[in-house]
Amino acid sequence: MSSTYVPGLEGIIGAQTAISHVDGANGRLVYQGYVIADLAEEMSFEEVAFLLWKGHLPNRAELDGLTKELATNRELTPAAHVALDSLPKDTDPMDVLRSVVSVQGVEHRLAKPTAALAIHATASFPTILATFYRRQHGLEPVQPRPELGHAANYLWMMNGKESSPEIVRALDTYLVLLADHGMNASTFTARVIASTESDLISCLVGAIGALKGPAHGGAPSAVIEQLEEIGTAENAEPWMRDARKRGVRFMGFGHRVYRVYDPRAKILKAMCERMNPKFYALASRVEQTALTILHEEHPERPQSTNVEFYSAGVLQAIGLPKEYFTPTFASARVAGWSAHVLEQAAHNRIIRPQSEYIGPEPRKPVPLADRG
Ligand SMILES: CC(C)(COP(=O)(O)OP(=O)(O)OC[C@H]1O[C@@H](n2cnc3c(N)ncnc32)[C@H](O)[C@@H]1OP(=O)(O)O)[C@@H](O)C(=O)NCCC(=O)NCCS
């Protein structure tokens, strides 16, 4: 069988999936047949997580069952608390998440991935983050509240007070929008690990590591930093032209699959305009300038705004610190990662592509004494 190396595996189909479809040419994202815009405004994260795991939207009894299971699995293990207490306060929250998810999961050993374990892991992400955040700020950790939904409870544990229904709804919408996205790098990572018949926690830990990079989920805090550097709308054009001369990429723009406006960004943009007008005023000018420059540079290769750009404004309006943007993304994507792990495990063949050797021709090793 002959095959050709494609950098970044662009266009290569890495799996068959029923979980989500990224239609890059038409700017459509579909979860199990439902268009994202139809889910984002009304659905809770719990409903969408159920959809990703089980393939259908839950009825009332199923939703109540899942909500209860998530709520009763929010506590961390004693080992996870020890790990949280041992990490320096300035540890990057993504490193905290990667480390403590791993510690929290040791009790499952090599357990076969199941929906119950997926729920367990999903429930633990906000507790890990909120417990660390409060410790970082010298505050007592706040106990999870079983009567609060997933989004409301996350904010409750972070802030020690209940958030308004509008803010909770905004976080729920964000979590729904980010819950899955085809064969993105972190999901692919999770599926590769799953294909070796490893355990769910190992898949999630690998996925968190992949998400962390600025080319993937690490972008939203970088968006804020870029906007802070730009400072004013008048400075957008000179700063951005100079940045391109220095080879700097605009954070929150470009995508491997979308060649048109990311449908999630469209929803987040409207939310950002409503919830964070100050951010929006600068961001919308930066967006126009970025799109103009990217078009001038490569008219043949359309680049558009991606999900991260307005995520930053929405998460800021929700009141989350910028270091917690990517871990909050992970708290949404854990639903998708685990759904893909379950799907991979159900139809598994080890993922083992080939490499194309470009090293030296066969040669004999020179003894140490004769090497120059
Ligand atoms: C997301 C990303 C990694 C996709 O990379 P990719 O699939 O290799 O992108 P493409 O093949 O479409 O295009 C690559 C080219 O477009 C340019 N490009 C892509 N995104 C760009 C951006 N945000 N700013 C400036 N130029 C960009 C690159 O410089 C590159 O051009 P070159 O080959 O002349 O160096 C990339 O767009 C990026 O780094 N964006 C910024 C980070 C970000 O927002 N990440 C979140 C993703 S959801």
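1. The note opens at a buried position of this predicted model: Asp 262 has a relative accessibility of 1% and therefore counts as buried, the cut-off being under 20%. Its salt-bridge partner is Arg 264, and the closest N and O atoms of the two residues are 2.7 Å apart. Arg 264 is likewise buried, with a relative accessible area of 2%. Both charged partners of this bridge thus lie under the cut-off for buried residues.

2. How many salt bridges does the model contain? The count comes to 15. The bridge between Arg 264 and Asp 262 is one of the pairs described in this note, and two others follow, one joining Arg 98 to Asp 95 and one joining Arg 246 to Asp 242.

3. In the pair formed by Arg 98 and Asp 95, the closest N and O atoms are 3.0 Å apart. Where do these two residues sit relative to one another? Both belong to helix α5, which covers residues 93-104, and because they are three residues apart in that helix, about one helical turn separates them. Their exposure is as follows: Asp 95 is buried at 18% relative accessibility, whereas Arg 98 is partly exposed, with a relative accessible area of 29%. The pair also belongs to a network of salt bridges that links Asp 95, Arg 98 and Lys 212.

4. Arg 246 and Asp 242 form a further salt bridge, with 3.0 Å between the closest N and O atoms. Asp 242 is partly exposed, and its relative accessible area is 37%.

5. The ligand is surrounded by 20 residues, of which Phe 250, Gly 252, Phe 253, Arg 256 and Asn 306 come nearest. By residue type, the shell divides into seven nonpolar, seven polar and six charged residues.

6. Which parts of the protein make polar contacts with the ligand? Two of the contacts involve the backbone: a polar backbone atom of Gly 252 is 2.8 Å from an oxygen atom of the ligand, and a polar backbone atom of Pro 214 is 3.4 Å from a ligand nitrogen atom. A side chain takes part as well, since a polar side-chain atom of Arg 259 lies 2.9 Å from an oxygen atom of the ligand. On its own the ligand has 870 Å² of accessible area, and the protein covers 78% of this.

7. Three strands form an open sheet in the order β1-β2-β3, with antiparallel pairing. Its edge strands are β1 (20-23) and β3 (34-35), each of which pairs on one side only. Strand β2, residues 28-31, pairs with β1 over four bridges in the antiparallel sense. Within this pairing, Ser 20 has Tyr 31 of β2 as its bridge partner.

8. Two residues deserve attention for their backbone angles. Most residues other than glycine have a negative phi. Gln 32, which is not a glycine, has a positive phi of about 45°. Gln 32 is found in the loop between β2 and β3, where it is partly exposed, with a relative accessible area of 21%.

9. Glu 197 is also a residue other than glycine with a positive phi, near 70°. Where in the chain does Glu 197 lie? It is in the loop between α9 (185-195) and α10 (200-211). Glu 197 is exposed, with a relative accessible area of 64%.

Technical notes. Residues numbered from 1 in each chain as written. Predicted model: local features only at pLDDT ≥ 70, side-chain atom pairs only at ≥ 80, totals over all residues. Heavy atoms only, no water. Near = heavy atom within 4 Å. Polar contact = N/O pair within 3.5 Å; in protein donor to acceptor, adjacent residues only side chain to side chain. Areas by Shrake-Rupley, 256 points an atom, 1.4 Å probe, with all protein chains shown as cover. Nonpolar A, V, L, I, M, F, W, Y, C, P; charged D, E, K, R; others polar. Salt bridge = Lys/Arg side-chain N within 4 Å of Asp/Glu carboxyl O. Buried < 20%, exposed > 50% of the residue type's maximum accessible area, 1.4 Å probe, protein only. Pairing = 2+ DSSP bridges.
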